[in-house]
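Please look through the structure shown here with an eye to how its strands, its helix and its aromatic side chains are placed relative to one another. The paragraphs that follow take these topics in turn.

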Amino acid sequence: MTAGIIKHELALKFILGGKSFVTFLNTKTDNRFTFKVVKHKKDDIFFVNVLTGPDVYTFVGTVRNGVYKHSPKSNISNEAQSVKVFNYIVNKLTSNNLPDFIEIYHDGRCGKCGRQLTVPDSIETGFGPECAKSLSKQTLRDITINKILK
């Protein structure tokens, strides 16, 4: 499994890609949380799950229109640090204001379909070549600009 750092400019697109596994790392405190975010089959809603054990993800809430909402059906409190971190990072990414000491990693799988990434450009962006074709023109421009600036 190959993991990669996702640039802040592309992070929200990756997280809400459809089937993403993402880790947030605070480099000041070394705290980290891993989440699985899966899109509903029909509606534009994303189910957020936090890693709570080896390969065990627990539902915490949803994201709709770029806004996180904690679910009362979750077994994890909205006061849990993992929930606060997810909400904070989504809000900061939405406002394009995430501090540099937060690093965002993918786990080597495409953020849209969940398949393992093997192409170097795909590992860099977090989207496989086929899934990248279906991204919006704006997202593709962002990816190209990030490659040029690199």
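In this predicted model, Lys 39 stands opposite Phe 46, a residue of strand 4. The two strands concerned are strand 3 and strand 4, the latter covering residues 46-53, and they run antiparallel with 5 bridges joining them. The connection between strand 3 and strand 4 is a hairpin, which passes through 6 residues.

Strand 3, which comprises residues 32-39, is also joined to strand 2, made up of residues 19-26, and here 7 bridges hold an antiparallel arrangement. Within this pairing, Ser 20 has Val 37 of strand 3 as its bridge partner. Strand 2 and strand 3 likewise form a hairpin, with 5 residues between them, and in the turn Asp 30 has a positive phi of about 65°. As background for reading these strands, side chains in a regular strand alternate between the two faces of the sheet.

From the strands we can turn to helix 2, which runs over residues 81-94 and therefore has 14 residues; from its first C-alpha to its last it reaches 20 Å, close to the 20 Å expected at 1.5 Å a residue. Which residues of helix 2 are buried? They are Ser 82, Val 83, Phe 86, Ile 89, Val 90 and Leu 93. Because these residues cover an arc of only 135° around the axis, they lie on the same side of helix 2. After the helix comes Asn 96, whose phi is positive, near 55°.

Lys 84, which also has its place in helix 2, is partly exposed, since its relative accessible area is 43% and that class lies between the limits of 20% and 50%. When residues up to four places away in sequence are left out of the count, Lys 84 touches Asn 78 and Glu 79. The C-alpha atoms of Lys 84 and His 70 are 9.7 Å apart in space, while the two residues are 14 residues apart in sequence.

How do the aromatic residues relate the helix to the strands? A search of the whole structure finds 7 aromatic pairs. In one of them, the rings of Phe 24 and Phe 86 have centres 6.1 Å apart and planes at 40°, so the pair counts as tilted. This pair links distant parts of the chain, as Phe 24 belongs to strand 2 and Phe 86 to helix 2, 62 residues apart. Both Phe 24 and Phe 86 are buried; for Phe 86 this follows because its relative accessibility is 1%, well within the limit of under 20%.

Phe 86 also forms a tilted aromatic pair with Phe 35, at 4.9 Å centre to centre and with 55° between the planes. Because Phe 35 lies in strand 3 and Phe 86 in helix 2, the pair ties together parts that are 51 residues apart in sequence. Phe 35 itself is buried, with a relative accessible area of 0%. Taken together with Tyr 68, the residues Phe 24, Phe 35 and Phe 86 form one aromatic cluster.

Finally, two other aromatic rings have a charged side chain placed over them. The charged end of Lys 28 sits over the ring of Phe 101, at 4.4 Å from the ring centre, and Arg 109 lies over the face of Phe 21, at 3.7 Å from the centre of that ring.

Note on methods: Residues numbered from 1 in each chain as written. Predicted model: local features only at pLDDT ≥ 70, side-chain atom pairs only at ≥ 80, totals over all residues. Heavy atoms only, no water. Helix = DSSP H or I, 4+ residues; strand = E, 2+ residues; numbered from the N terminus. Buried < 20%, exposed > 50% of the residue type's maximum accessible area, 1.4 Å probe, protein only. Arc of directions from axis to C-beta. Pairing = 2+ DSSP bridges. Contact = heavy atoms within 4.5 Å. Phe/Tyr/Trp six-rings, centres within 6.5 Å; stacked < 30°, edge-to-face > 60°. Lys NZ or Arg CZ within 6 Å of the ring centre and 35° of its normal.
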